[in-house]
Amino acid sequence: MQDVFTLLTLPQASKAFSALPAQPQSALAGVSTSRDSSRSRIAGVVESAAERRGPIVLRVVGHPVSTTSDTVIEADYALVRRTIRMLLTPGEDGTLPATYDRITRACRASVAGAGKGEGLYDAVKMELERCVRVVESSLVNDSRKSVEWLVPFTEACAWFERQVGLLQSLLAYLDTLYVAERPPLLGIKKLAYTMFSDSLIKSARVVQAVTDGISDWLEWERTNRTAHALRSYIPRLVHHMRSQGHYEDIIQSTYVAKTHAFYTQESDKLASNNSMSAKDFLAHAQARSKEELERAQEVLLPESVVIVHDATDNALLTGRLQWLAKDALESLISARNDVQLKKMYKLFAKVGGLKVLNAAFKLYVQNAVKAIVTDAEKDEEMIPRLLDFKAFTDKLISQAFVDEVPPRAGTHPSPPQPSSSKTPAPAPPTPIVHPNQDFRNALRDGFSAGFKARRNKPAEMIAKHLDKAMRRGQKGKRDEDFEAELDEVLALYPFTDEKDVFRAFYQRALAKRLLLGRSASDDFERAVLKKLKEKHDPEFGTSDNMFTDLALSRDLMQDFLEYKRKKGDIGTVQKLNVMVLQRSNWPFTARKNDVDLPRWMQEDLADYTQFYKRKHQGRKLDWDHALGTATLRARFDAGEKELSVSLYQAVILMLFNEEATMSYADIKEQTRLDDGELQRTLQSLACGKKRVLRKQPLGKDVNPTDVFHFNAEFTDPRYQVHINSIQSKETPEETKRTQNSIEADRKHALDAAIVRVMKAKKELNYEQLKTATIEAVRKHFVPEVGMIKQRIQGLVEQEYLRRDEDDMNKYIYVA
């Protein structure tokens, strides 16, 4: 072995760079040092060369280099050709005639030294042609068919690609020294693949055999719904066809076409036989979709998975969307199956069926709400049922009927992780979920349309449900939870057009709660009123005046008690509590007749009236005892009890201090109550759960011939007994009165709206007037067309309007 210095040092025998003769020194040089002399000599040589301007000849002195003999060249050339034949001959044992290094050097010598690149390239082409013919012949003559034929074909492709790869490596100098300098020529690998593709893979017989094998394999797996024994060959086939550039035109196209055809036929068969319900068909479609996704992920390239998956879903669902949306949606919502509904949404989204699903969802919501609100036998359960249904549909909107959008890169950067082979891969980013706004609108429209199926009643029941919630109170719930419960009920309010109905019933119930002290919390009462005023109906702002009246009444009562104490005439007044209400702030009408109170009660009220008039001159007090309450102390055989009763109940019970038995007629004569109020009050005392009176004869109803006795045997485990439930409950008579009041207010509102519209427009035809009137009052209620026509006719009779003489359909305002 020689060191690097020796290899890089010129031989001593060579004088190639020192053989030039020395030039004479310049006469002007004079005396100089050796360095100067050397510099002068070099300058002289350059100047002489420049003057001579002739070629400088360099002669290499030494032994001449010997050339390679023809025998060696031919041996190298033959070795390379023999290697090409051995590599491209199917069935060879694979043993090369020489080592890799020897064959590579022989190729270099043949191409670079001997100039035989063209011969080797032609040899490669010739051997490739022969090889492809042999492979094609063996495949055509192979006895295996269908899926089994894919086995030798895949093995042949694998052998050919492996041999071509080895050939390209051994003949690298042919590619780099010969082919690279001749652009029209193809490299060895590209040449081999092109010839293999053109002569073998593109042949009609091979293409047909491959597509038949793929088709039969797919048919078998889809029919048997299990993996074929030869499935492992399919990914290899996919790999080889991709290498040859025929994956899309042969494998993918065949796979997609057969998928669409198979599932279209299956879908038609299942639908025509009526062998499945819509719900079962949807589950079947989802299962098939999942199977195809898993199969495609295992055998196909990633870019084909989505194409095959979409083809499956489209073939199964096309033509079935209306049926599935109508029947399957209904059964899944009825079963509260939000998981399956989410899968259904994704399937419909993939096949462009969201409009169909949205329309079916809206119709289902409308029908479901309509069924609830028109079920008159279950009116008391109407709002809980609506709340339950809405809670589930809201869940569908926020979790099932959603579109998932992958987060943008860098939106949520993950914290740096320490580098380690044991560090787990970061979890994929959570997609951003956007509820589908079309489905949200469909839910709102469906509820609104369902509420229209029964006018007035939904609004009335919402108000009564809120009343129950406010009287019941939190019952141990946190403020946030109770507020959320109230908000859920208020969320139903926008769906009703009868805003005036809700307002009338809610304000009446609110007034009762405040006057009877049955409200759970003034803070929550004010909060609900604020939400109603700000979000829905500004007229709820007037309800705040109720709280003002109560506060002023408390202050006024304190002044009255202080006044009586100073006079030394406190007496029974200290147990009195009077609420002075401004009638315009409260939803109660003046009573023509009221109960006759005992004399001592009347005296206390007379004292208060005098005090009030001295303090507020010019004002008038009208006493209303319907919502008055009292606490009585009663002695029964079992002991003393405190009875919390209404003022009407108290007046009747105190009559039994004088008489143990009284008839209905006697009680009516002494109390002056009308029959309806008297019967309701006696029924609460003698026919309810807590019977402090006994009725003869027994029964649930009170008749004018009944006789009543004080029930000395009454018992109750509590000392304080509450019997005053009739005041807080809305009676059918009160409901009827409220409804009549609403209808009367609507007539006045329509009259006023029609007059305002006509005063501004002067003349309008009937359709224009009807539309303008509806628009004018729609914030409070949506009137029926018949009612509008009736009010127009009434105004014509009252001479506010008149008909046009030439066109009876046109109305003219009369100033």
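Is Arg225 buried, partly exposed or exposed, and what is its relative accessible area? The legends below refer to a predicted model, and the first of them takes up this residue.

**View 1. Arg225 in the loop between helices H9 and H10.** With a relative accessible area of 39%, Arg225 is partly exposed, because this value falls between the limits of 20% for buried and 50% for exposed residues. The phi angle of Arg225 is near 55 degrees, which is a positive value in a residue other than glycine. The loop that holds Arg225 lies between H9 and helix H10 (233-244).

**View 2. The crossing of helices H9 and H12.** The axes of helix H9 (residues 204-224) and helix H12 (residues 278-299) come within 12 Å and cross at roughly 140 degrees, and H9 is therefore oblique to H12. The crossing of H9 and H12 is right-handed. On the H9 side the contact is formed by Trp217, Leu218, Glu221 and Arg222, which meet Arg288, Glu292, Arg295 and Val299 in H12. By residue class, this contact of H9 with H12 divides into 3 nonpolar, no polar and 5 charged residues.

**View 3. The crossing of helices H15 and H17.** Helix H15 (residues 338-350) and helix H17 (residues 382-400) have axes that come within 10 Å and cross at roughly 45 degrees, so the two helices are oblique to each other. The crossing of H15 and H17 is right-handed. Asp338, Leu341, Lys342 and Tyr345 in H15 meet Phe392, Lys395, Leu396, Gln399 and Ala400 in H17, and the residues of this contact comprise 5 nonpolar, 1 polar and 3 charged.

**View 4. Gln340 in helix H15.** Gln340 has a relative accessibility of 17% and therefore counts as buried, the limit for that class being under 20%. When residues up to four places away in sequence are not counted, Gln340 touches Gln286 and Leu332.

**View 5. Gln739 in helix H28 and its contacts.** Gln739 is found in helix H28 (residues 732-761) and, at 30% relative accessibility, counts as partly exposed. Residues up to four places away in sequence being left out, Gln739 touches Glu460 and Phe505. Although Gln739 and Glu460 are 279 residues apart along the chain, their C-alpha atoms are separated by 9.5 Å.

**View 6. Arg672 and Pro697, each in a loop.** Arg672 is found in the loop between helix H26 (664-671) and helix H27 (675-686), and has a positive phi of about 65 degrees although it is not a glycine. Its relative accessible area of 55% is over the 50% limit, so Arg672 is exposed. Pro697 is found in the loop between strand S6 (693-696) and strand S7 (707-710), and the peptide bond that leads from Gln696 to Pro697 is cis, with omega near -5 degrees.

**View 7. An open sheet of 3 strands, with helix H29 lying across S9 and S11.** The strands of this sheet follow the order S9-S11-S10, with antiparallel pairing. Strand S9 (763-765) and strand S10 (801-803) are the edge strands, each pairing on one side only, and the twist averages 25 degrees from one strand to the next. S9 pairs with strand S11 (residues 810-813) in the antiparallel sense over 3 bridges, and Asn765 stands opposite Lys810 in S11. Helix H29 (residues 766-777) lies across S9 and S11 and runs at about 100 degrees to S9.

Key:
Residues numbered from 1 in each chain as written. Predicted model: local features only at pLDDT ≥ 70, side-chain atom pairs only at ≥ 80, totals over all residues. Heavy atoms only, no water. Pairing = 2+ DSSP bridges. Helix = DSSP H or I, 4+ residues; strand = E, 2+ residues; numbered from the N terminus. Axes fitted to C-alpha atoms, helices over the stretch in contact; angles between N-to-C directions. Contact = heavy atoms within 4.5 Å. Parallel < 35°, antiparallel > 145°, perpendicular 65-115°, else oblique. Left-handed = near helix turned anticlockwise from the far one by under 90°. Nonpolar A, V, L, I, M, F, W, Y, C, P; charged D, E, K, R; others polar. Buried < 20%, exposed > 50% of the residue type's maximum accessible area, 1.4 Å probe, protein only.
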